[in-house]
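Please look over the sequence and the model before reading the notes below. They are arranged by topic, so that each can be checked against the coordinates in turn.

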Amino acid sequence: MPPLTCCVDAAAAASDSAAAWSPADSSLLYRVDGWGVPYFTVNSNGNISVRPHGAQTLAHQEIDLLKVVKKASGLKTSYGLGLPLIVRFPDVLKNRLESLQSSFDSAIESQKYNSHYQGVYPVKCNQDKFVVEDIVKFGSGFKFGLEAGSKPELLLAMSSLCSGSPDALLVCNGFKDVEFISLALIAKKLRLNTVIVLEQEEELDIVIEVSKKLGVRPVIGARAKLRTKHSGHFGSTSGEKGKFGLTTSQLLRVVKKLRDYEMLDCLRMLHFHIGSQIPSTDLLADAVDEAAQIYCELVRLGAHMGVIDVGGGLGIDYDGSKSSDSKNSVAYTLQDYASAVVQSVRIVCDSKSVKHPIICSESGRAIVSHHSILVFEAVSNSTSSCNSPEISSFDVEEQLKDEALANYRNLSAAAAKNDYESCLNYAEQLKERRVEQLNYAEQLKERCVEQFKKGSLGMEELAAVDARCELMFKETGFPEPVSTYHVNFSIFTSIPDFWGIGQSFPIIPIHRLTESPKKEAILSDLTCDSDGKIDKFIGGKSSLRLHELGEGGGKGNGGYYLGMFLGGAYEEALGGVHNLFGRPSVVRVSQSDGPQSFAVTDDAVPGASCGDVLRAMNHNPEVMLKTLKARLDEFVGISSGEVIVNELASSFDNMPYLVVDNAAASSSSCNGNNNNDNG
């Protein structure tokens, strides 16, 4: 080892021994105590633990996420689910519902509000069968309902609410045609508590006509287009130029038409929505104040109003900053949100002597985001090349000039005498010359590239120059370049909001959190697309600190697992099949009193196979296999082609993601040191 490298390594080792890395250090680095409270923490083994009952979770009820992943994805288990893997925790979902309800109950009691809260879940956030059924089941005790914005969502909601509370609301939003409104009125016939919300003035004519044909007295809501505007991407549907809702003039025309048809008693709900991720309760209160005034005016005009629906917008803290200035955070709690809504409605209604309405909200993101975790594996990384003996023996002094050369010699002499104090002093002086050395190295590389383009320099020489410059940077104290970790999933399928709108999610290792991560990295997915990378992380960072691959790797200990948290809303529904990478496997995990404190339920869903994603694009795998078999018979022969046919057939049944040989991945890492995995 060169003297300078020895000095730097020894100094680092002395620093590490003085302050060993702890789970608390990892929690601070990855902001787990910010975005993760009260559901996620770093346990003493250095793994992420899930706290399924939030703040009420007892120590023995915590669930080690790494153990869940190994049980669900291990090839020798009965589940046999490969990565990437979505792990859902219904207990967390239940706790989110109960926390939202209790926040409104508390605000209603403390402010002496004379009605109640009755929420609905907008199924567009996550239409998965088990998610919707769990919400209906967990929310039935407090009349929690569903919101639908399309015909298939309405059919889903109608079916699901047959098992829910008879008083649960079924709110019908979105653009509507005759069939949509007919379905909503059929739901009313089925004794479901259905409200048809008018998004456009023209929809009222359809409601009147179809309700007469079916002999159903409809319950109608109206979506108001408020002037209050939520700035930023999530507020693009708010304000006077918003996509949805009725203006003041349109609302007045709706009232007149209903009065003319003797149906004004059918108008029962006022709805509004100023966008997702409302950053502050001040903005929320402004919107609710305006909506409550409209509500009271509709009462004055003779409508039999009873419900004010404040829509969605209840945000979550993706980055742990609890700041209204961050597009990935909000500056309030569930209780703050509920109190602001209740207070605004109460004050306006009291000033107008209007009976307090039922308060409804459509808080999908806040309900489902926390309960779902995407787990995926880093399979390789593109870091510094392995130092061959030829490169390691390179004389660094030949590349250094003037004062930098003197500092390097002084530094080497100090290292040879184990004089670490002097070593650090010389190192500080050397850092001052780093910009000069960087410019010199870049000029050298540029000249060599020009020679290579002209054919006067070979590939071997060009590679040697790159490696020697890299070695010089390392030995003169330059920070290592950012590595690219190749991960076994598709951003377009599993985190489409990052690609589409730049939404950042917490992404961290789910284990090895008692070790100090040394690598600054970005993540690159499996797709053949330059956009298939994650290079922006929470906290405004352009890289993520990760551990060396191979440390704790190997066949016996498993791979290097990362988790994407707070992604339970929208990501699964929005994900596509770019490069024909399909949906991940899904497993549901409940807290239990067994030795591992959890149980994997029997309704695990394997990820989409190659055949599944091909069918989604109108291909027929059976016909494709038949075509390939005929080709084999023609060019290979029936007898020798049988093995190949079987392999082709199994490929159609397998997931399109990589099957990782962790032993091979570990041995291919140049810097692996075989430390034990903490899982």
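The points below take up a helix, a loop residue and the aromatic side chains of this predicted model.

**Helix α12**
- Helix α12 covers residues 334-351, and for its 18 residues a rise of 1.5 Å a residue gives an expected span of 26 Å, which agrees with the 26 Å between its end C-alpha atoms.
- The buried residues of α12 are L334, Y337, A338, A340, V341, V342, S344, V345, V348 and C349, and what covers them includes the helices α5 (90-110) and α11 (281-300) as well as the strands β11 (307-309) and β12 (358-360).
- An α-helix has 3.6 residues a turn, so residues three or four places apart point the same way.
- After α12 comes S353, which has a positive phi, near 55°.

**Loop residue S369**
- S369 is located in the loop between α13 (364-368) and β13 (372-382), and it counts as buried because its relative accessibility is 0%, where the cut-off is under 20%.
- The side chain of S369 reaches the backbone oxygen of R365 at 2.6 Å, while its contacts, leaving out residues up to four places away in sequence, are I316, Y318, L566, G567, G568 and A569.

**Aromatic side chains**
- The model holds 12 aromatic pairs, among them the edge-to-face pair of F492 and W499, with 5.2 Å centre to centre and 70° between the planes.
- Within that pair, F492 is buried at a relative accessible area of 7%, whereas W499 is partly exposed at 47%.
- F104, Y117, Y332 and Y337 are linked into a cluster by ring pairs, and Y337 is also one of the buried residues of α12.
- K176 lies over the face of F180, at 5.8 Å from the ring centre.

Key: Residues are numbered from 1 along each chain as its sequence is written. This is a predicted model: local features need pLDDT of at least 70, side-chain atom pairs count only at pLDDT 80 or more; totals for chains, interfaces and linings use all residues. Side-chain values use heavy atoms; hydrogens and water are left out. Helices (H or I, at least four residues) and strands (E, at least two) are DSSP runs, numbered from the N terminus. The expected span of a helix is 1.5 Å times one less than its number of residues. Buried means under 20% relative accessible area, exposed over 50%, partly exposed in between (1.4 Å probe, protein chains only). Contact means heavy atoms within 4.5 Å. A polar contact is a pair of N or O atoms within 3.5 Å; within protein, one must be able to donate a hydrogen and the other to accept it, and residues adjacent in sequence count only if both atoms are side-chain atoms. Rings of Phe, Tyr and Trp (its six-membered ring) pair if their centres lie within 6.5 Å; planes under 30 degrees apart count as stacked, over 60 as edge-to-face and the rest as tilted. A charge sits over a ring if NZ of Lys or CZ of Arg is within 6 Å of the ring centre and within 35 degrees of the ring normal.
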